[in-house]
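Dear colleague,

I am passing on the structure we spoke about, and below it you will find my notes on what came out of the analysis. Please read them with the model open beside you.

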Amino acid sequence: MNSMKYIDLTRKLKNNILEYPGDPKFKLKAINDKNSDYNLSKIETGLHIGTHIDAPYHYIENGKKINEIKLEKLIGKSTILNFKNKDKISKEINLEDLKIVSTNIKNSKNCKTNKNENLGEIAILKTGWSNNWKKENYFTENYYLSKDFANYLIENEINGICIDGPSVDKFENNKIHKLFLKNNIWIVENITNLNHLRKNSYFGYVIPLNIDAEASPVRVFLSKEK
Ligand SMILES: [Zn+2]
């Protein structure tokens with residue numbers, strides 16, 4: 001459910017939520033006995049479950065862990081990048097495939113001269129792939145970013161990227177992860193609920209646990225007002 005003021009882009013963590021192929025399952029269990037007058041639960045999970053954030057340490061030696069990412073890097077102006085060319089055969093998303101409102105990307109080959117202040121701190125990539133969440137190919141046939149597109153975002157000095165699919169990379173690849181993470185750009189995967197967004201720019205919040213690890217479940221939400 002979304003409140004009046006905020007739009008929640010997060011998947012609910014619950015038993016049987018799908019995990020990335022090969023990752024540990026999410027297990028939530030009540031551990032109080034039936035006669036007690038309280039509830040007490042425990043969880044066991046891989047950290048890359050549901051809507052989650054990857055810190056540089058996921059792939060970069062001595063890279064920042066989740067608890068080392070400054071809070072000011074996790075909130076800010078968030079631009080929705082709409083993938084529009086859904087009929088193309090390749091799942092690789094290039095700059096040409098995007099409709100970035102209030103920005104003007106004509107010369108994608110020359111990113112250096114193409115810095116655009118309007119992108120803000122957080123790029124939210126809307127591919128529509130989240131509609132396939134329950135399908136068998138969700139984790140394996142997702143849309144992913146081209147190197148040019150990733151470099152464009154890096155040169156625009158975003159703090160982080162959120163995508164409505166399982167990865168910024170093609171299945172069983174990691175070069176786009178490494179590109180972002182080595183530039184200290186965090187990655188949020190498996191966001192949802194983008195279908196009803198009406199604007200192209202919001203104020204966004206990305207709230208992970210204060211955890212000494214390479215990843216964390218995360219709550220991502222947008223403010224309607226700013
Ligand atoms: Zn991850």
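**The two helices**

The buried residues of helix α1 are Phe149, Ala150, Tyr152 and Leu153. Around the helix axis they cover an arc of only 155 degrees, which puts them on the same side of α1. Please keep in mind throughout that this is a predicted model. The partners against which the buried residues of α1 pack are β6 (92-93), β8 (122-126), β9, β10 and α2. Just after α1 comes Glu157, which takes a positive phi of about 60 degrees.

In helix α2, which spans residues 175-182, the buried positions are Ile176, His177, Phe180 and Leu181. Viewed down the axis of α2, these buried residues fall within an arc of 125 degrees, so they line one face of the helix. They pack against β4 (52-54), β9 (144-145), α1 (147-155), β10 (160-163) and β11, so that the packing between α1 and α2 appears in the lists of both helices. After α2 follows Asn184, and its phi is likewise positive, near 60 degrees.

**The chain as a whole and its core**

Stepping back from the helices, the protein chain contains 2 helices and 13 strands, and of its 226 residues 35% count as buried. If one takes the contacts between residues at least 6 apart in sequence, 71% of them join residues that are at least 24 apart.

The largest nonpolar core has 47 residues, and those that touch the most other members are Ile53, Ala123, Ile161, Cys162 and Val188. Strand β13 (residues 215-223) gives the most to this core, contributing 5 residues. As general background, nonpolar side chains in soluble globular proteins tend to be buried together. For one of the core residues just named I also have the individual contacts: leaving aside residues up to four places away in sequence, Ala123 touches Thr79, Leu81, Leu153, Ile158 and Ile161. Leu153 in that list is one of the buried residues of α1, and Ile161 is itself among the core residues that touch the most other members.

**Positive phi in two loops**

Which value does the phi of Asn16 take? It is near 75 degrees, a positive value in a residue other than glycine. Asn16 lies in the loop between β1 (6-8) and β2 (27-30), and it is exposed, with 9 other C-beta atoms within 10 Å.

Asn193 also has a positive phi, near 70 degrees, and it too is a residue other than glycine. Asn193 is found in the loop between β11 (186-189) and β12 (201-208). Is Asn193 exposed or partly exposed? It counts as partly exposed, because 18 other C-beta atoms lie within 10 Å.

**An exposed lysine in a strand**

Finally, Lys42 belongs to strand β3, which covers residues 41-44. Since Lys42 has 9 C-beta neighbours inside 10 Å, and 12 or fewer is the cut-off for that class, it counts as exposed. Lys42 touches Lys29 and Ile31, again not counting residues up to four places away in sequence. Its C-alpha atom is separated by 8.1 Å from that of Lys27, the two residues being 15 apart along the chain.

With best regards

Key
Residues are numbered from 1 along each chain as its sequence is written. This is a predicted model: local features need pLDDT of at least 70, side-chain atom pairs count only at pLDDT 80 or more; totals for chains, interfaces and linings use all residues. Helices (H or I, at least four residues) and strands (E, at least two) are DSSP runs, numbered from the N terminus. A residue is buried if 20 or more other C-beta atoms lie within 10 Å of its own, exposed if 12 or fewer, and partly exposed in between; C-beta atoms are placed from the backbone. Two residues are in contact if their C-beta atoms, placed from the backbone, lie within 7 Å. A nonpolar core is a set of buried Ala, Val, Leu, Ile, Met, Phe, Trp, Tyr and Cys residues joined through C-beta atoms within 7 Å. The arc is that of the directions from the helix axis to the C-beta atoms.
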